[in-house]
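Colleague: I am new to this one. Please show me the structure, then take my questions.

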Amino acid sequence: MRGFLAITRRELAGLFVGPLAWALLFIAVLLQGWLFVLYLKSLGGDVDLALRWTLGESWVYWALLILVPPLLTMRMISEESRTGILEFLLTAPVTDAAVVTGKFVAALVFLALLWSGAFVYGLVVASLGVPPDWGTLFGGWIGAVLCSGLFVGVGLFASSITSTPIVAAFGAIVLNLVFVTAPLLAGLSDQPWVRRAVASVDVIDHHKGAFLTGVLDTSYVVFFVSWSGFFVFLAIRAVEARRWR
Amino acid sequence: MISVAHLTRTFGSLRALDDISFEVAKGEVVGFLGPNGAGKTTAMRILSGYLPASSGTVKIAGFDVLRESLEVRRRIGYLPETVPLYREHRVVEMLEFQARLHAIPRKERASRIDKALEQVGLTDRRRDLVGNLSRGLRQRAGLAVALLPRPEVLILDEPTSGLDPMQRLEVRGLIRALRDEHTVLFSSHILPEIEAVCPRVVIVHKGRIAADGTPAELVAKLAGASHVRLEAVVGADPAAAQRILRSIRGVRDVVDHGRLGIHHQFELACDEDLREDVGAIAASRGWALRELSWRRPTLEQIFARIATGASDEVERPAGPARAPAISAPDAPIVLGGLSAVPRASTVHPTLQPTVQPTVHPTLQPSMPSTAGTAPQRTVYNLNPFDRGATRSLSVPKVVEDPNAPPASAGPDPDASGAPRS
């Protein structure tokens with residue numbers, strides 16, 4: 001546990017001493033803020049609806065989720081395996097699982113920070129006299145973080161099976177695209193079992209269906225946690241497999 | 001402290017380690033020596049728990065590396081060949097990370113980090129970014145990271161590779177200083193380095209342990225690889241000079257490397273430093289010396305030897321190879337008198353593949369067939385360190401000199417000869 005915290009802390013420090021995290025944060029917050037104003041204008045001043053758009057209703061949110069987590073996680077394992085730091089971590093008194101989950105939590109904390117920009121928008125509109133529905137906003141934020149966990153897991157897994165960060169990022173982006181676009185593709189099929197099968201892994205629907213309406217449905221929480229856990233598990237196994245290669 | 005039994009590791013069809021067994025006692029410093037690709041790094045990775053073994057067991061401090069991995073990891077400090085440091089962090093931050101990984105209590109952290117930095121001499125660079133450090137400094141920072149948890153066993157993979165000579169010296173000194181507190185296993189492909197630091201050397205070759213012992217023992221096993229080099233003006237008859245040199249006690253063979261200007265080059269295969277004996281002869285014969293040096297075996301020669309199959313024991317030429325006269329304890333150096341023909345047959349063939357007379361046959365003076373017909377000459381043994389010399393040095397010894405031509409009975413007929421081509 002101690003080792004896990006040490007790794008999370010190191011990863012966060014590593015993210016923020018480099019320019020990449022700041023650049024991602026800058027671009028994402030700028031884009032989200034500009035879009036929030038745009039949503040607010042086009043939705044006729046409906047604050048809650050605009051916040052919902054910011055945290056998942058719009059395609060920009062999903063585009064960010066497809067692109068940002070892979071860029072965060074691409075270096076986490078692949079580069080360390082190349083520079084030999086992984087050798088150091090895997091001979092330090094921490095388990096392989098602690099190494100991977102430490103990195104996972106660090107990336108998740110970063111994304112949680114990124115989405116918490118929505119609270120700032122909430123505060124701003126509240127200070128202008130229209131307080132948002134804080135419960136719905138918080139539920140949406142929780143959903144966004146849980147949803148990010150899934151994409152971070154995919155990114156870590158991609159990073160763990162290659163030694164080249166760019167390949168890891170590319171692989172993760174492709175996997176993320178598959179995840180997000182699968183329901184659209186399933187819509188082309190008229191076979192009901194295909195639709196049902198894809199609906200059970202439909203990330204967008206799971207996110208919109210519960211969290212954005214302010215509902216913390218445990219089955220939906222389990223959906224995201226288990227998918228994240230599955231990819232983290234794969235990443236741990238892939239790191240372990242490096243020893244055998 | 002370290003116990004390795006029948007360790008084998010394969011990568012596909014490649015056997016990187018093949019049934020390796022050795023033990024390292026607590027407090028020992030062991031050097032792992034081998035050429036590139038011998039399996040040193042693989043062995044160290046397995047010892048550190050990074051790679052699992054294909055078969056065999058490795059125990060460190062009584063814990064199995066595979067089954068009780070975490071216990072082992074708490075007890076080792078491992079420095080891989082590529083120093084594992086985050087480039088974007090400062091030296092002290094890297095040490096703090098290591099302290100947290102090893103759960104060093106917060107109270108002790110600062111003082112132990114200070115001590116580790118002091119040990120490697122990086123106290124004034126603690127705030128430097130790792131990425132800005134030179135390679136040598138980075139190596140030292142890596143060593144500080146490995147030392148910080150005060151591990152019982154230190155595993156250092158080529159800690160001196162890529163360093164300049166001064167930095168090498170420093171790292172060597174550091175490892176020597178660590179002997180008291182830690183059991184150290186470190187690898188290198190540089191023999192002098194291992195000799196300077198390690199009381200014990202394990203030589204790995206093609207995944208097997210080729211030799212295990214103290215450097216002196218290993219060198220002794222390589223008898224014949226060390227040699228004395230002589231470059232001198234020996235006169236008109238280098239073959240005679242070669243015979244004279246060959247007769248020195250302890251010399252197993254003399255290789256004539258031919259003439260270089262007016263000088264002749266010889267290589268005397270011997271186990272010990274025979275420079276004094278050779279110098280004494282050169283003085284007595286009046287040879288003008290240009291070089292007289294003792295060359296010890298290099299790693300390349302060790303491996304040539306090991307790889308060519310004379311694995312552990314190198315057969316040495318037995319008694320008959322030496323001149324019978326030498327066996328008398330008071331005998332001085334016997335000059336000449338031994339035919340090269342029976343000698344060559346007694347020497348192990350692998351030791352001297354290239355013994356060739358370089359003098360043109362027509363230039364060689366005719367040799368007296370029997371020693372008895374040669375005139376007697378008085379020779380002083382000038383070497384005060386002559387091994388086995390029990391007689392008084394002031395008493396001249398009369399010996400037969402078959403090489404002295406009867407016509408010119410001067411003191412040094414060989415030296416007077418002008419260089420011929």
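**A first tour**

Modeller: D253(B) has its place in strand β12 of chain B, residues 251-260. Helices (H or I, at least four residues) and strands (E, at least two) are DSSP runs, numbered from the N terminus. This is a predicted model: local features need pLDDT of at least 70, side-chain atom pairs count only at pLDDT 80 or more, and totals for chains, interfaces and linings use all residues. Residues are numbered from 1 along each chain as its sequence is written, while chains are lettered from A and ligands numbered from 1 in the order in which they are written.

Colleague: Is D253(B) buried or exposed?

Modeller: Count the other C-beta atoms, placed from the backbone, within 10 Å: 20 or more is buried, 12 or fewer exposed, in between partly exposed. D253(B) has 23, so D253(B) is buried.

Colleague: What separates the C-alpha atoms of D253(B) and S55(B)?

Modeller: Along the chain, the two residues are 198 residues apart. In space, their C-alpha atoms are separated by 46 Å.

Colleague: How many helices are there in chain A?

Modeller: Chain A has zero strands. Its pattern along the sequence is α-α-α-α-α-α-α-α-α-α-α-α. The number of helices is 12.

Colleague: What does helix α2 of chain A reach from its first C-alpha to its last?

Modeller: Helix α2(A) covers residues 19-42, 24 residues. The expected span is 1.5 Å times one less than the number of residues. That expectation is 34 Å, and the helix comes close to it, reaching 34 Å.

Colleague: Which residues of α2(A) are buried?

Modeller: What covers them includes α3 (47-57), α4 (59-83) and α7 (117-127) of chain A. The buried residues are L24(A), Q32(A), F36(A), Y39(A) and L40(A).

Colleague: Which helix gives the largest share of the largest nonpolar core?

Modeller: A nonpolar core is a set of buried Ala, Val, Leu, Ile, Met, Phe, Trp, Tyr and Cys residues joined through C-beta atoms within 7 Å. The largest has 144 residues, and L156(A), L47(B), A144(B) and L185(B) touch the most other members. Its largest share is 13 residues, from residues 134-160 of chain A, helix α8.

Colleague: Which residues does L185(B) touch, leaving out those up to four places away in sequence?

Modeller: Contact requires C-beta atoms, placed from the backbone, within 7 Å. By that test, L185(B) touches I2(B), V24(B), V30(B), F32(B), L47(B), V153(B) and I155(B).

How values were computed: Contact = placed C-beta atoms within 7 Å.
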